[in-house]
Amino acid sequence: MPIAFSCPNCGKQMNVPDQYAGQTGPCAACGKTMTIPGGFAPPPPAGYSGVGPAAPPASKSSGALPVVLIVLVVVGIGVLGCGGVMAALLIPAVSSARQAAKAMQSSNNLKQITLAMHNYHDVYGSLPPAVVRDASGQPLYSGRVLLLPFLEQSYLYDNFDKNKAWNDPANTMVSQTVLKVFQDPSTDNPMSPASNYFFIVGPDALFPEDGSAHSFAQITDGTSLTLAFINANIPNNSWAEPVEMHQDALAAGLPASPYRQGVFTAFADGSVRALPPTTSPTDLRAMTTRNGGEPVMIP
């Protein structure tokens, strides 16, 4: 196919065979040197207007992209929605399981304390006094200190000066040690050495207030009907502090409990029971006496 072009020097229009494309020679009109162009450019793509560079051909898959994005968005929303529903269903179940585990641990703490009381009785022939007093009758420390060797805490027991008060500088290190066995797992302050389990004391309770001690033989009401310990929130600074639950404090009813089962209590026979808040004060009073002879209805 002939190549049509113009001389760049004189503008002469001419046609030459395409085999001369790209060659250099003199112009037939002006004699000046010129280069024959390399032939015709390939035809422009369909739809090219001639203004600006030709647009690349449209991808066959470009129309499907919005559809894919919509599908991904819908699927993502669905997954998030399902996740929210699952979370709403699981959170109460997880919370309930945690509370049940704490309730079981609290009950186990009381069982360990009561077992320690029984082991103390086996060794010494009597129950531990709830409050240890000095010669003048002043309270020194709680009977919980005396249970330490039977709770695998012999080191603390050996390093506690039994002739001095719980808050004496000589006893600070021991009395400020956090002991989980004396701490309810639902406590707001797990780093506190305070106790949540208390002797029940009183003039006719299992544990007298004056620092004396009874034996199981003196429980004529029956060990399975006589309260020994209770789980409660009574302000105290250490498990060694002589703060206990007086039987008269139960005259108005049971203290509040974080557990739906009720208030965990331990009886002299070693059993642990959760007493519901509906337990009558009359029955509570009967449960706190060791030899009152009252009829007792345990819920």
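In the hairpin that β10 and β11 form, four residues lie between the strands, and G270 there takes a positive phi near 100°. The structure is a predicted model. This briefing starts from that hairpin and then turns to the sheet around it, with strand β10 as the main subject.

**The hairpin strands**
- Strands β10 and β11 run antiparallel and are joined by four bridges.
- Within this pairing, F264 has A274 of β11 as its bridge partner.

**The partner on the other strand pairing**
- Strand β8, residues 227–231, also pairs with β10, residues 263–267, in the antiparallel sense, over three bridges.
- Residue L227 stands opposite F267 in β10.
- Residue F229 stands opposite A266 in β10.

**The sheet as a whole**
- Strands of a sheet pair through backbone hydrogen bonds, and the pairing may be parallel or antiparallel.
- Here, five strands form an open sheet in the order β9-β7-β8-β10-β11, with mixed pairing.
- Strands β9 (245–246) and β11 (272–275) stand at the edges with a single partner strand each, so one side of each is left without a neighbour in the sheet.

**The surroundings of β10**
- Five of the five residues of β10 are buried, so this strand is largely enclosed by the rest of the structure.
- Both faces of β10 are covered.
- On one side, the buried residues are V263, T265 and F267.
- On the other side, F264 and A266 are buried.

Conventions:
Residues are numbered from 1 along each chain as its sequence is written. This is a predicted model: local features need pLDDT of at least 70, side-chain atom pairs count only at pLDDT 80 or more; totals for chains, interfaces and linings use all residues. Side-chain values use heavy atoms; hydrogens and water are left out. Two strands pair if DSSP finds at least two bridges between them. Helices (H or I, at least four residues) and strands (E, at least two) are DSSP runs, numbered from the N terminus. Buried means under 20% relative accessible area, exposed over 50%, partly exposed in between (1.4 Å probe, protein chains only).
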